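Subject: Structure handover and findings

Dear colleague,

Please find below the structure that I am passing on to you. My notes on it follow directly after.

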Amino acid sequence: MLTATPGDQPVRPLADGRSAVDHDRLALLLILAFALSLRLFHLTAPFTDWHAWRQLDTVGMARAFYEGSFWPFDPQVNWGGPNGYIEAECPLIPALIAVVYRIVGPHEIAGRLIIIAFSLGLMWATYRLALILDGRRSVARGAAFLMAVSPAAIFFGRIVIPDTPMMFFTVLALVGFAEFSHSGSVRWMLTGASALTIACLLKLPAVFVGPAIVALLVRQRGWSAFRDPRVWLAGGIPLAITAAWYWRAHVVFERTGLTMGILGTQAKIYPAYVSPGPWTNVFSKWSTPELLTDSLFYSRMFLRFYHLLLLPFGFVGAVLGAFLWKAAGRRAMTVWLASLTVFFFMTANVQRGHEYYQLPFVVVAAIFFGGAAWPLFDDAWLKRRLGGGRLLLPSYVVAIGVLALSAIYSSGANRIFFEPQDQSERMRQAGRAIDVITADNDLAIVVDDYGIMSPILLYFAHLKGWSFEPTDVSPAVIDNLHRRGARYFVTTRWRELKRDKPETAAFLDTYQDVSITGLPADTRLVDLRLRK
């Protein structure tokens, strides 16, 4: 016989509780399995899809660790000369890939599988965060589902860049601090602090989750939470470690002059000892008044959010959730959204070109989506509305999956993200042909289709060296780098180089070409040791 609680609420039988948990686990496993199947798309494809340059910078660092010194705190790029030490984020992902290379060999698929694992972890963390913030498993399922089917989350959840791992640790940090604020568990506090540290080391923009963590602590404990010295340690130690790493990275920049532009320094330039410039393609992440007042920028970003980041149903659901979701955890997500928006407008130039900078918005939108769309992920609600037929819920699950696939196909993500880029394919073809006759890690001066600071042709040819635009190279630059060890000059843009820099083309004509079959048109390999 059931007894009643003081509030006259019946105690649910233990078997029913276990059944609900089992159903929820099954639902989450189905979402994760669906997400995994989407991320295995083009698993073995070469690194010639969208953002190939970013992927090859990452696997290039992994190759350097694998082939050379395995000290995971000295990232090297292949376009920085024989030892391209660079100011960059902490290379934990390249180091992890290199560890796997040591075990299974340098198979490029290993990097993709590692990122896919982090992507699935991100979905679990988003589910757990939504469950903590709201308490309803249906809301958490909805959030995990949108993370599973977002075209951007799919693509960036399978390419070898550190953004998806950064997002996993960022959301795990929120989970840890939320659980700590609720229970006082030291284990969860350590989890949150450790995850926050790793997230900030992977990519510095992770620090913008800080205001959301503060909101979580204040929601549960009020401002008295900051009387607890453990809170100051849990926040201060990650920030101190992060500051130490980026100070060290800047010291590397002062020594080598090479940077990814992570601390505001302009990228796409070389130090004076390589070339005096002038640099015509200097890149800065920061906003400009012209960009922030350009209506095309906002229309471009709206279409990206609507189609590629959230899909139409996710976008509408997230907007509805912003108005309808009233759970206590809403404040933390609102604060995080405000913090991300500030960062967005600070760095509009990089946001415009790099979709992966908007991945944090996808997590926030997913939780708001779950707050609005929860009935669609609540089996009890569905049974009441649709009936209790044995095959009804499985049919509903299949229908939801088919509709999601249709939305993904209609978004154009396959054309934009997954299809090989012609430039990258050309450089891969050239690189593979060059790799046959050159020694690994020979030094070369490169002018490829991507341009300055490009790792693409160098990676595929298994070379190191320096990469320029056609207008950046002169006889003096070539002669200088030849003295620094450059053995070859290689370009996939010979006609453009000859047109824009005729004096450089005439200088290169005094050296002997290396005869190679299978090179794409407009490609030339010159041996700088052999004059005609």
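Which residues of helix α8 are buried? They are W188, M189, G192, A193, A195, L196, T197, A199, C200, L201 and L202. Please bear in mind throughout that this is a predicted model.

Helix α8

Helix α8 comprises 17 residues, 186–202. At 1.5 Å a residue, a helix of this kind should span 24 Å, and the end C-alpha atoms of α8 are indeed 24 Å apart, so the expected and computed values agree. The cover over the buried residues of α8 includes several other helices: α3 (92–104), α4 (109–134), α7 (163–183), α9 (210–221) and α10 (229–256). At the N-terminal end of α8, S185 acts as a cap, with a side-chain oxygen 3.3 Å from the backbone nitrogen of R187.

Helix α4

Two residues of helix α4 deserve a separate entry. T126 is placed in α4. Is T126 buried or exposed? Its relative accessibility is 0%, and T126 therefore counts as buried, the limit being under 20%. Leaving aside residues up to four places away in sequence, T126 touches A143, M147, V171, V363 and I367. The C-alpha atoms of T126 and I159 are 20 Å apart, with the two positions 33 residues apart along the chain.

S119 also belongs to helix α4. With a relative accessibility of 3%, S119 counts as buried. Its contacts, again without residues up to four places away in sequence, are R39, A153, G157 and T164.

Salt bridges

How many salt bridges does the structure hold? There are 21. Three of these pairs are described here.

In one of them, the side chains of R141 and D24 meet with an N to O distance of 3.0 Å. R141 lies in helix α5 (residues 137–149) and D24 in helix α1 (residues 14–39), so this pair ties together parts of the chain that are 117 residues apart in sequence. R141 and D24 are both buried.

A further salt bridge joins the side chains of R112 and D49, at 3.5 Å from N to O. Here R112 sits in helix α4, while D49 is in the loop between α1 and α2 (52–67); the pair therefore connects parts that are 63 residues apart in sequence. R112 and D49 are likewise buried.

The remaining pair is R128 and E179, whose closest N and O atoms are 2.8 Å apart. This salt bridge links distant parts of the chain, with R128 in helix α4 and E179 in helix α7, 51 residues apart. What are the accessibilities of the two partners? R128 has a relative accessible area of 24% and is therefore partly exposed, whereas E179, at 13% relative accessibility, counts as buried. In addition, salt bridges that share partners join D24, R137 and R141 into one network.

Surface patch

On the surface, F70, L96, V99, I103 and V104 form a nonpolar patch, with about 420 Å² of accessible area together. One of these residues, L96, is found in helix α3. The relative accessible area of L96 is 33%, so this residue is classed as partly exposed.

Backbone geometry

Three backbone features may be of use when you inspect the model. Where is the cis peptide bond involving P278? The bond runs from G277 to P278, with omega near 0°. P278 is found in the loop between α10 and α11 (289–292).

The loop between α1 and α2 contains H42 and also H51. Phi of H42 is near 55°, a positive value in a residue other than glycine. Phi of H51 is near 60°, which is again positive in a residue other than glycine. As to accessibility, H42 counts as partly exposed at 34%, while H51 is buried, with a relative accessible area of 5%.

With kind regards

Key: Residues are numbered from 1 along each chain as its sequence is written. This is a predicted model: local features need pLDDT of at least 70, side-chain atom pairs count only at pLDDT 80 or more; totals for chains, interfaces and linings use all residues. Side-chain values use heavy atoms; hydrogens and water are left out. Helices (H or I, at least four residues) and strands (E, at least two) are DSSP runs, numbered from the N terminus. The expected span of a helix is 1.5 Å times one less than its number of residues. Buried means under 20% relative accessible area, exposed over 50%, partly exposed in between (1.4 Å probe, protein chains only). Contact means heavy atoms within 4.5 Å. A polar contact is a pair of N or O atoms within 3.5 Å; within protein, one must be able to donate a hydrogen and the other to accept it, and residues adjacent in sequence count only if both atoms are side-chain atoms. Patches are made of residues with over 30% relative accessible area and no salt bridge: like charges are joined within 9 Å, nonpolar side chains (Val, Leu, Ile, Met, Phe, Trp, Tyr) within 5 Å. Accessible areas come from the Shrake-Rupley method with a 1.4 Å probe; for residues, only the protein chains shown count as cover. A salt bridge is a side-chain nitrogen of Lys or Arg within 4 Å of a carboxyl oxygen of Asp or Glu.
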